[in-house]
Amino acid sequence: MTTSTATAVRTGRAAARATGLNKVYGEGETRVVALDDVTVAFAQGEFTAIMGPSGSGKSTLMHCMAGLDTVSSGSSTIGDTELVGLKDKQLTQLRRDHIGFIFQAFNLLPTLTALENITLPMDIAGRKADKAWLDRVVDTVGLSGRLSHRPSQLSGGQQQRVACARALAGKPDIIFADEPTGNLDSRSGAEILAFLRNSVRE
Ligand SMILES: Nc1ncnc2c1ncn2[C@@H]1O[C@H](COP(=O)(O)OP(=O)(O)O)[C@@H](O)[C@H]1O
Ligand SMILES: [Mg+2]
């Protein structure tokens with residue numbers, strides 16, 4: 001993935017910003033430049049889609065910007081915090097308190113109920129959920145009657161709604177979603193996208 005600096009960078013405070021980001025996998029014959037000098041900013045309160053062919057670096061960009069993967073060079077910030085150079089513990093805290101991530105494969109824990117999956121990040125952190133906020137999130141994703149179900153007892157669309165609720169529960173500053181509708185039928189997919197768009201609006 002490459003970007004033109006002139007069109008991609010906005011001025012002002014961004015929810016997330018990458019500057020001159022490079023990510024190289026492997027060495028020698030297996031060397032792959034997944035990100036080649038990518039500069040991009042995502043404004044607060046906006047819903048942005050990243051489009052491109054398979055293998056163009058979309059997942060790599062999101063993983064690097066969300067602190068799930070390290071960059072080869074360049075800068076990546078969430079709000080005012082520079083990710084590059086953070087120690088593991090600081091990075092964990094930043095991810096936990098400020099970033100939500102939704103994966104194509106839901107990534108729910110099969111032995112936990114829907115509610116336990118939603119509150120897991122907070123439970124691990126020893127933080128109490130904001131009850132009113134949690135109720136609202138659960139209500140908005142339409143899971144009120146399914147909270148004691150395990151993932152295997154839920155449809156794909158419902159599982160992804162659990163993942164959305166989990167990402168929102170901690171009131172993150174930004175949510176990255178990597179092909180969140182890729183495993184869903186078109187109707188469930190449209191619901192998830194509408195829900196995410198509304199979350200940004202509200
Ligand atoms: N862990 C990895 N090791 C080596 N190459 C990788 C790895 N992850 C991704 N790549 C390569 O980086 C490029 C971008 O991949 P990716 O970010 O997954 O693209 P997209 O999400 O747009 O399909 C691809 O050529 C892919 O093969
Ligand atoms: Mg991808």
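## A tour from ligand 1 to the largest pocket

Begin by selecting ligand 1 together with Thr60, where an oxygen atom of the ligand lies 2.5 Å from an N or O atom in the side chain of Thr60. Of the 560 Å² of accessible area that ligand 1 has on its own, the protein covers 59%. Bear in mind at each stop that this is a predicted model, and that the distances shown here are computed from it.

Keep the ligand in view and add two glycines, this time with their backbone atoms displayed. A polar backbone atom of Gly55 is 2.7 Å from an oxygen atom of ligand 1, and for Gly57 the corresponding separation between a polar backbone atom and a ligand oxygen is 3.0 Å.

Next, widen the selection to the whole shell, which consists of Tyr25, Val32, Ala34, Pro53, Ser54, Gly55, Ser56, Gly57, Lys58, Ser59 and Thr60. Colouring these residues by class gives four nonpolar, six polar and one charged. If you then switch to a cartoon, you will find that strand S2 (32–43) and helix H2 (58–65) each supply at least two residues of this shell, and that H2 provides the largest share, with three residues.

From S2, move across to its partner by selecting strand S1, residues 14–25, which runs antiparallel to S2 and is joined to it by eight bridges. One pairing to pick out is that of Val24, whose bridge partner in S2 is Val33. Then follow the chain into the hairpin of S1 and S2, where six residues lie between the strands and where Gly26 takes a positive phi near 70°.

For the last part of the tour, hide the ligand and display the largest pocket, which holds about 1200 Å³ of space. Which residues lie nearest the centre of this pocket? Select Glu46, Phe47, Ile175, Leu196 and Val200, which have that position among the 39 residues of the lining. Two or more lining residues come from each of S1, S2, H2, helix H5 (131–140), strand S6 (174–177) and helix H7 (186–201), so that S2 and H2, already visited as contributors to the ligand shell, appear here again.

Finish on H7, which gives the most to the lining of the largest pocket, namely six residues, and colour the complete lining by class, as was done for the shell around the ligand. The lining divides into 22 nonpolar, eight polar and nine charged residues, whereas the shell around ligand 1 has four nonpolar, six polar and one charged.

Terms used:
Residues are numbered from 1 along each chain as its sequence is written. Chains are lettered from A and ligands numbered from 1 in the order in which they are written. This is a predicted model: local features need pLDDT of at least 70, side-chain atom pairs count only at pLDDT 80 or more; totals for chains, interfaces and linings use all residues. Side-chain values use heavy atoms; hydrogens and water are left out. A residue is near a molecule or strand if one of its heavy atoms lies within 4 Å of it. A polar contact is a pair of N or O atoms within 3.5 Å; within protein, one must be able to donate a hydrogen and the other to accept it, and residues adjacent in sequence count only if both atoms are side-chain atoms. Accessible areas come from the Shrake-Rupley method with a 1.4 Å probe; for residues, only the protein chains shown count as cover. Helices (H or I, at least four residues) and strands (E, at least two) are DSSP runs, numbered from the N terminus. Ala, Val, Leu, Ile, Met, Phe, Trp, Tyr, Cys and Pro count as nonpolar, Asp, Glu, Lys and Arg as charged, and the others, Gly among them, as polar. Two strands pair if DSSP finds at least two bridges between them. On a 1 Å grid over the protein atoms alone, a cavity is a set of points where a 1.4 Å probe fits but cannot get out, and a pocket is an open set with protein on both sides within 12 Å along at least five of seven lines; lining residues have an atom within 4 Å of a point. Grid points are joined across faces, edges and corners, and a volume is the space filled by probe spheres set on the points.
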